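Here are some notes to read alongside the structure, in case they help as you look through it. Please keep the viewer open as you go.

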Amino acid sequence: MKATIWHNPACGTSRKTLAILQETPGIELTVVEYLKQPYAADQLGELFAAAGLVARDALRLRGTDAEERGLKDASEDAIIAAMAANPAYVERPIVRTDKGVRLCRPQDVVREIL
């Protein structure tokens with residue numbers, strides 16, 4: 001099974017999710033460090049739709065200035081544009097497998113798509 005994790009190595013939940021993926025037999029894993037390889041706006045829209053989320057659900061407020069910038073109450077398009085411009089606004093990790101997409105907080109959510 002193919003799996004892609006949009007990963008932040010500084011995040012404990014992201015590291016734990018990555019470990020679950022690495023320990024799962026039969027996973028062909030791609031790791032994208034999204035702070036180095038930012039998301040495209042259309043990619044974010046596709047990932048959120050596949051996960052059954054709206055952008056606000058995946059907006060990272062803690063450790064960012066997203067709330068101060070008014071993103072918490074912004075439109076879907078404005079949030080996605082801000083996330084594409086500053087990937088730190090995206091909650092992590094996001095994982096895509098052949099079985100679906102999940103925002104893996106907590107990390108055990110990844111098991112739903114393995």
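The points below cover the cores, one helix, the salt bridges and a loop residue.

1. A word on the source before the details: this is a predicted model. Please read every point below with that in mind.

2. Let's begin with the interior. The largest nonpolar core has 22 residues, and Tyr39, Phe48, Met83 and Ile94 are those with the most contacts inside it. Helix 2 (41-51), helix 3 (76-85) and strand 4 (100-103) are the elements that give two or more residues to this core. Helix 3 supplies the largest share, 4 residues.

3. Ile94 deserves a click of its own. Leaving aside residues up to four places away in sequence, Ile94 touches Thr4, Ile5 and Trp6, and also Tyr39, Leu47 and Phe48. Its list of contacts ends with Val101, Arg102 and Leu103.

4. Apart from the largest core lies another one, of 10 residues. Among its members are Leu18, Ile20, Val95 and Val110.

5. Which residues of helix 2 are buried? They are Leu44, Leu47 and Phe48. These residues lie on the same side of helix 2, because they cover an arc of only 95° around the axis. On the other side of the helix, Asp42 and Ala49 are exposed. You may like to colour the helix by accessibility here.

6. What do the buried residues of helix 2 pack against? Their partners are strand 1, helix 3, strand 3 and strand 4. Phe48 appears twice in this picture: it is one of the buried residues of helix 2, and it is also among the residues with the most contacts inside the largest core. After helix 2 comes Gly52, whose phi is positive, near 75°.

7. Turning to charged pairs, the structure holds 6 salt bridges. One of them joins the side chains of Arg105 and Glu91, at 3.5 Å from N to O. This pair links distant parts of the chain, with the two residues 14 apart: Arg105 sits in the segment after strand 4, and Glu91 in the loop between helix 3 and strand 3 (94-97).

8. Are the two partners of that bridge alike in exposure, or do they fall in separate classes? Glu91 counts as buried, because its relative accessibility of 13% is under the 20% cut-off. Arg105, with a relative accessible area of 30%, is partly exposed. Salt bridges that share partners also bring in Arg60, so that Arg60, Glu91 and Arg105 form one network.

9. Two further salt bridges are easy to find. The side chains of Lys72 and Glu67 meet at 3.6 Å, N to O; Lys72 is partly exposed at 38% relative accessible area, and Glu67 is partly exposed at 44%. The side chains of Arg111 and Asp108 meet at 3.4 Å, N to O, with Asp108 partly exposed at 43% relative accessibility.

10. Finally, a look at Asn8, found in the loop between strand 1 (2-7) and helix 1 (12-23). Is Asn8 buried or exposed? Asn8 counts as buried, since its relative accessibility is 7% and the cut-off is 20%. Not counting residues up to four places away in sequence, Asn8 touches Ser14, Tyr34, Leu35 and Arg92. As for Ala58, 50 residues apart from Asn8 along the chain, the C-alpha atoms of the two are separated by 15 Å.

How values were computed. Residues numbered from 1 in each chain as written. Predicted model: local features only at pLDDT ≥ 70, side-chain atom pairs only at ≥ 80, totals over all residues. Heavy atoms only, no water. Core = buried A, V, L, I, M, F, W, Y, C linked by side-chain atoms within 4.5 Å. Buried < 20%, exposed > 50% of the residue type's maximum accessible area, 1.4 Å probe, protein only. Contact = heavy atoms within 4.5 Å. Salt bridge = Lys/Arg side-chain N within 4 Å of Asp/Glu carboxyl O. Arc of directions from axis to C-beta.
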